[in-house]
Amino acid sequence: MLTKQDLVQHEEYLKLNELGEFVIDIDEDLEIIDFHTHMCNVLPIKHIDPNSKGNKLTFPTLPPIEKTDFSVPYWTKEELNINQKGIMPVFRYVKNAYAVLQDVKKGGTYDNCFKSQADNKIVLNVVLPLSTKKCDCSPEALRIAADYPSRFVAFCSVHPDDPEMKKKIVKYKGLGAKGLKLKISDIELKNDFSSLVTLFRTCHEAELPVILHTGSIPVDQERTSKLLWKFLRSTRVELFGHLLKEMPKDFVFIFGHSGVCEYKLVAEYLKKFPSSYAELSSQSQHSIRYLIDEVGYERLLFGSDWPALPQAITLSRVLIATSENKDARDHILSKNAKKLLKQ
Ligand SMILES: [Zn+2]
């Protein structure tokens, strides 16, 4: 059976720490900002105290070791067990999503976060809360940044249908939020994007960058269930590309995860919309290099999606993709982020 150790043996810039967790392997001093992280208390579910100790992360989002291939986005070429008709794929997907949420809720603590920051030479985590219409997690994210201002920067997250949307965005900016994060789908919006465009305009006026979860995992339309296909495709990159056409040219939009498997389309939109950025969590060394070749390195941001994913994996992909280009490396790891965060 393949072990984690076998997996990292031939991987550049990636090793295991004393606990057997993925960490980066590089001696040089680097300044690294992780533009896509969460914490246990910024999710719209009942949370635990981030000061809790001893909770371990298991990363159920990662593919099994024997199916792992870091050279493609989402790090597996294997058929996912959701490519099947009927209700089973939906069930499996929901079960996995629940496991991921529980893991983040349990393990997204200060303890685990500081250890991961130290292991991976990360100076600053951008904390992205995930609000729903009913649950606004922005105050918790702001609390994290207030508790440890040298380690965290907070975004706010306000649902487009929140009746106090405009007021809240202005208020959170005043309290130190550096941008807005949202994970939303066309299913949730019932294909009516007017409230989302109003939210974009409000952020544009407040000079806050907006990062949205974009793209989906590889799924085969012919073979998976109709319902799951509709759900997964509902955050497709194309949708956000259409919305950006309605926005002023200087609206700062960040494609979260660089669209996962749709990174080539993200590259097209970055060419079209000069103020848009791509955040790289879940990408591979090849897709990152593709993005650098297509759009340059001044609008790419390192992000990991910790604690849903280990910080070291996307980070080691960035290091491989930029091993011959230190200027690109510096920009992707921190310079571009600093510009957006006005740091
Ligand atoms: Zn995330």
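**Group meeting: a walk through two parallel sheets**

Let's start with a pair of strands: strand 3 runs parallel to strand 4, residues 122-127, and four bridges join the two. If you want a register point for that pairing, take I33, whose bridge partner in strand 4 is L124. Before going on, please keep in mind that this is a predicted model.

Those two strands belong to an open sheet of three, in the order 3-4-5, with parallel pairing. Which strands sit at the edges here? They are strand 3, residues 32-37, and strand 5, residues 152-154, and each of them pairs on one side only. On average, neighbouring strands in this sheet are turned by 20° against each other, ignoring direction. Now look for helix 12, residues 326-341: this helix lies across strand 3 and strand 5, and runs at about 65° to strand 3.

Let me step back to the whole chain for a moment. The protein has 12 helices and 10 strands in its secondary structure. Its radius of gyration is 19 Å, and the globule rule gives 20 Å for 343 residues, so the protein is as compact as a globular protein of that length. Along the principal axes, the C-alpha atoms fill a box of roughly 55 × 50 × 45 Å. Of the 343 residues, 46% count as buried. For those of you who like contact maps: among contacts with a separation of 6 or more, 71% are between residues 24 or more positions apart.

On to the second sheet. This one is open too, with five strands in the order 6-7-8-9-10 and parallel pairing. Strand 6 and strand 10 are at the edges with a single partner strand each, so one side of each has no neighbour in the sheet.

Let's walk across it. Strand 6, residues 180-182, and strand 7 are parallel and share three bridges. How does the chain get from strand 6 to strand 7? The path goes through helix 6, residues 194-205, and this β-α-β crossover is right-handed. To find the register, look at L180, which has V210 as its bridge partner in strand 7.

Strand 7 deserves a pause. In a regular strand, side chains alternate between the two faces of the sheet. Here, in residues 210-213, V210 and L212 point one way while I211 and H213 point the other way. Are these four residues buried or exposed? All of them are buried.

Next over, strand 7 pairs with strand 8, residues 253-256, in the parallel sense, over four bridges. H213 turns up again here, with G256 as its bridge partner in strand 8. At the far end of our walk, strand 9, residues 277-279, pairs with strand 10 over two bridges, again in the parallel sense. There, E279 stands opposite L301 of strand 10.

One last stop: S225, in the loop between strand 7 and helix 7, residues 226-232. Why does S225 count as buried? Because 20 other C-beta atoms lie within 10 Å, and 20 or more is what the cut-off asks for. Setting aside neighbours within four places in sequence, S225 is in contact with K85, G86, I87, P89 and V90. M88 is also worth a look: its C-alpha is 8.4 Å from that of S225, although the two residues are 137 apart in sequence.

That's my tour, so over to you for discussion.

Notes: Residues are numbered from 1 along each chain as its sequence is written. This is a predicted model: local features need pLDDT of at least 70, side-chain atom pairs count only at pLDDT 80 or more; totals for chains, interfaces and linings use all residues. A residue is buried if 20 or more other C-beta atoms lie within 10 Å of its own, exposed if 12 or fewer, and partly exposed in between; C-beta atoms are placed from the backbone. Two strands pair if DSSP finds at least two bridges between them. A crossover is right-handed if, with the strands pointing away from the viewer, the path from the first strand over the helix to the second runs clockwise. The radius of gyration is taken over C-alpha atoms; the globule rule is 2.2 Å times the number of residues to the power 0.38. Two residues are in contact if their C-beta atoms, placed from the backbone, lie within 7 Å. Axes are lines fitted to C-alpha atoms, for helices over the stretch in contact, and angles run from 0 to 180 degrees between N-to-C directions.
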